[in-house]
Amino acid sequence: MSGDTLSFAEAVRARHAVRAFLPDPLPAAQIRGVLEDARMAPSNCNTQPWQIHIVSGRQRDLLSKELLRAEAAGEVSGDFTFDQNEYFGPYAQRSGHQAKTRNDALGIARSDREARRVADRRNFAFFGAPHVAMLFAPAFGDGVRVGGDIGIYAQTFLLSLAARGLGGIPQTVLGLYADTVRDVLDVPDDLKLFFGISFGHEDHASPDNSYRLDRVPPQENVITHDTPGLFDNHPSPNPA
Ligand SMILES: Cc1cc2nc3c(=O)[nH]c(=O)nc-3n(C[C@H](O)[C@H](O)[C@H](O)COP(=O)(O)O)c2cc1C
C-alpha cells in the first residue's frame with residue numbers, strides 16, 4: 001500500500017468481477033483519477049482510439065430501462081459477434097465452470113432457466129452500480145487491433161479501480177445492444193461499442209461477490225524456447 005492505493009501486485013490480485021454494488025455514487029474526483037490512470041494505456045501507433053461515455057444518475061437509470069426493454073424484446077444489435085457455443089475443449093470447460101460457480105453461489109440449479117435468466121438480466125441493471133462506462137471506438141479494418149487497444153484500456157481502468165478499493169466488471173453483453181446504447185447516449189453509428197464497465201463500491205455482503213475464479217498456472221499456456229530454468233517441467237530444448 002502506498003498512499004491510499006494498493007501496490008500493483010496487490011491490485012492485480014484484488015481485482016475480480018464485481019456483480020453486486022452499493023448504490024452510492026463515487027465522487028467526481030475519484031472517477032477522474034481512474035480516467036487519468038486509464039488514459040496511460042498503450043495502443044497501436046498511440047492512436048488512443050477509445051471514446052468513453054461515463055453514465056450516472058438519471059441517464060444511468062434510463063439506459064438500464066432501455067437495455068432491459070431491448071433484451072426482453074430480443075433487439076440484439078451488437079457491432080461484433082459473440083457466440084459462447086464457439087468455445088471448445090478447455091475453453092468450454094472453463095466457461096462452464098465459471099457459470100456453475102456463480103449459480104452455486106446464488107443457489108441456482110442448472111435446470112432453473114428462469115432463475116438463471118433473472119441473474120443474467122442483472123447485467124442490464126449494471127449489477128446495481130451507480131456508474132457505467134461505455135467503451136466506444138472506431139473499428140478500423142476488422143476491428144481486432146482496436147479490440148486489443150480497448151481491452152488494454154479496460155484492464156488499466158479496472159486495475160485503477162481495484163487499487164483504490166473500488167469494484168468494476170467488464171460486460172460484453174452490454175455491447176450486444178449497441179444500437180440501444182447509441183440511441184440513449186446520442187452516439188454516432190461509426191463509433192462501435194466494444195463493451196461496458198459497471199463500477200462503484202462493491203457490496204461485500206452479496207453472495208454474487210462471494211467466490212473467486214482461479215487461473216491455470218503459466219506452465220500450462222507458456223511455451224519456452226531456449227529459456228532455461230523458467231519452468232522446471234518444461235526444460236528448454238537447447239541443443240548447444
Ligand atoms: C471483456 C470481458 C467481458 C465480460 N463480459 C461479462 C458480462 O457480460 N457479464 C458478466 O457477468 N461477466 C462478464 N465478464 C467477467 C468474466 O466472466 C470474468 O472476468 C471471468 O469469469 C474471470 O473472473 P474474475 O474477473 O472474477 O477473475 C467479462 C470479462 C471480460 C474480460
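**Pocket lining and ligand surroundings**

By class, seven nonpolar and six polar residues make up the lining of the second largest pocket, with no charged residues. In this predicted model, that pocket has a volume of about 220 Å³. Its lining comprises 13 residues, of which Phe80, Thr81, Thr172, Phe194 and Phe195 are the closest to the centre of the pocket. Helix H6 (144–163), helix H7 (172–175) and strand E4 (192–200) are the elements that each give two or more residues to this lining.

Thr172 turns up again in the ligand surroundings. The ligand is surrounded by 14 residues, the closest being Ala17, Arg19, Asn123, Thr172 and Arg215. Several contacts here involve the protein backbone. For Thr172, a backbone N or O atom lies 2.9 Å from a nitrogen atom of the ligand. Oxygen atoms of the ligand are approached as well: a backbone N or O atom of Ala17 lies 2.8 Å from one, and a backbone N or O atom of Val173 lies 3.1 Å from one.

On a wider view, an unreviewed UniProt entry annotates residues 12–201 as "domain: Nitroreductase". Over this stretch the chain is 47% helix and 14% strand, and the C-alpha atoms at its two ends are 17 Å apart.

Further along, Ala205 sits in the segment after E4. Is this residue buried or exposed? Ala205 counts as exposed because its relative accessibility is 72%, above the 50% cut-off. Between Ala205 and Thr227, which are 22 residues apart along the chain, the C-alpha separation is 45 Å.

Notes: Residues are numbered from 1 along each chain as its sequence is written. This is a predicted model: local features need pLDDT of at least 70, side-chain atom pairs count only at pLDDT 80 or more; totals for chains, interfaces and linings use all residues. Side-chain values use heavy atoms; hydrogens and water are left out. On a 1 Å grid over the protein atoms alone, a cavity is a set of points where a 1.4 Å probe fits but cannot get out, and a pocket is an open set with protein on both sides within 12 Å along at least five of seven lines; lining residues have an atom within 4 Å of a point. Grid points are joined across faces, edges and corners, and a volume is the space filled by probe spheres set on the points. Helices (H or I, at least four residues) and strands (E, at least two) are DSSP runs, numbered from the N terminus. Ala, Val, Leu, Ile, Met, Phe, Trp, Tyr, Cys and Pro count as nonpolar, Asp, Glu, Lys and Arg as charged, and the others, Gly among them, as polar. Buried means under 20% relative accessible area, exposed over 50%, partly exposed in between (1.4 Å probe, protein chains only). UniProt positions are given in the numbering used here, feature names are shortened, and annotations may be inferred rather than shown by experiment. A residue is near a molecule or strand if one of its heavy atoms lies within 4 Å of it. A polar contact is a pair of N or O atoms within 3.5 Å; within protein, one must be able to donate a hydrogen and the other to accept it, and residues adjacent in sequence count only if both atoms are side-chain atoms.
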